[in-house]
Structure formats: structure tokens, C-alpha cells
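Here is a short report for a first look at this structure. Keep the sequence and the 3D view at hand while reading.

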Amino acid sequence: MKPTKLYCDLFGHNYRMTKKVTNHVKEYTCKCCKKQVTTSSTGRLIELTEKRQEINSALERIYNNRMMRLQQKMISSSIY
């Protein structure tokens with residue numbers, strides 16, 4: 001067993017946020033064992049599988065497009 005895996009088994013993971021997908025969805029990586037997790041629809045941490053990475057990427061793209069549209073709308077409404 002790797003020492004970092006043993007540390008995480010004994011003391012728990014030391015997660016650091018690695019990506020902010022939206023205001024409510026984030027991705028985290030354990031500093032010790034490099035395990036990756038993301039937030040679920042209920043706000044709990046769940047394993048970041050390939051499928052969830054695809055979902056997060058699509059969600060991030062939709063979120064960013066929406067934020068850009070809202071910004072443009074605010075800018076155009078403040079001009080008039």
C-alpha cells in the first residue's frame with residue numbers, strides 16, 4: 001500500500017478545488033493521492049468518472065454561454 005493512500009485511509013482526503021464548473025458545481029483533487037471528485041446534484045462529493053467529466057464540460061460550456069449572453073444584455077441595455 002502506498003504511504004499516501006494509507007494517509008488518506010487513516011486521516012481522510014485533503015481535497016483542493018481544481019476547477020469551478022459553475023457557482024454550485026466544482027471539481028476537487030486530493031493533494032495526497034490525486035483522487036478526483038466533483039459535487040453531485042445534492043451537493044455531496046462523488047467520484048469524478050469520465051462520464052461526469054463530460055457532463056461537467058457540457059455544463060460549463062452552457063453556463064459560460066449564458067453568462068456571456070447576460071453580460072451582453074446588460075451592456076446593451078445600459079447604452080440606451
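## Ground rules

Helices and strands here are DSSP runs, numbered from the N terminus. A helix is a run of H or I with at least four residues, and a strand is a run of E with at least two. The model is predicted.

## The sheet

Start with the sheet. It is open and holds 4 strands, in the order 1-2-3-4. The pairing is antiparallel. Strand 1 (15–20) and strand 4 stand at the edges. Each has a single partner strand, so one side of each is left without a neighbour in the sheet. From one strand to the next, the twist averages 35 degrees.

In a regular strand, side chains alternate between the two faces of the sheet.

## First hairpin: strands 2 and 3

Strand 2 covers residues 26–30, and strand 3 covers residues 36–39. They pair in the antiparallel sense over 3 bridges. One bridge joins Tyr28 to Val37 in strand 3. The two strands form a hairpin, with 5 residues between them.

Which residue in the turn has a positive phi? The residue is Lys34. Lys34 lies in the loop between strand 2 and strand 3. Its phi is near 70 degrees, a positive value in a residue other than glycine. Is Lys34 buried or exposed? The relative accessible area of Lys34 is 57%. Exposed means over 50%, so Lys34 counts as exposed.

## Second hairpin: strands 3 and 4

Strand 3 also pairs with strand 4 (residues 45–47). The sense is antiparallel, over 3 bridges. Val37 appears again here: its bridge partner in strand 4 is Glu47. Val37 therefore has a bridge partner in strand 2, Tyr28, and one in strand 4, Glu47.

Strand 3 and strand 4 form a hairpin with 5 residues between them. Gly43 sits in the turn and has a positive phi of about 90 degrees.

## Helix 1 and a nonpolar patch

Now turn to helix 1, which covers residues 3–11. Tyr7 is found in this helix. How exposed is Tyr7? Its relative accessible area is 40%. Partly exposed lies between the 20% and 50% limits, so Tyr7 is partly exposed.

Tyr7 also belongs to a nonpolar surface patch. Leu6, Tyr7, Leu10 and Phe11 make this patch, with an area of about 460 Å².

Conventions:
Residues are numbered from 1 along each chain as its sequence is written. This is a predicted model: local features need pLDDT of at least 70, side-chain atom pairs count only at pLDDT 80 or more; totals for chains, interfaces and linings use all residues. Side-chain values use heavy atoms; hydrogens and water are left out. Two strands pair if DSSP finds at least two bridges between them. Axes are lines fitted to C-alpha atoms, for helices over the stretch in contact, and angles run from 0 to 180 degrees between N-to-C directions. Patches are made of residues with over 30% relative accessible area and no salt bridge: like charges are joined within 9 Å, nonpolar side chains (Val, Leu, Ile, Met, Phe, Trp, Tyr) within 5 Å. Accessible areas come from the Shrake-Rupley method with a 1.4 Å probe; for residues, only the protein chains shown count as cover. A salt bridge is a side-chain nitrogen of Lys or Arg within 4 Å of a carboxyl oxygen of Asp or Glu. Buried means under 20% relative accessible area, exposed over 50%, partly exposed in between (1.4 Å probe, protein chains only).
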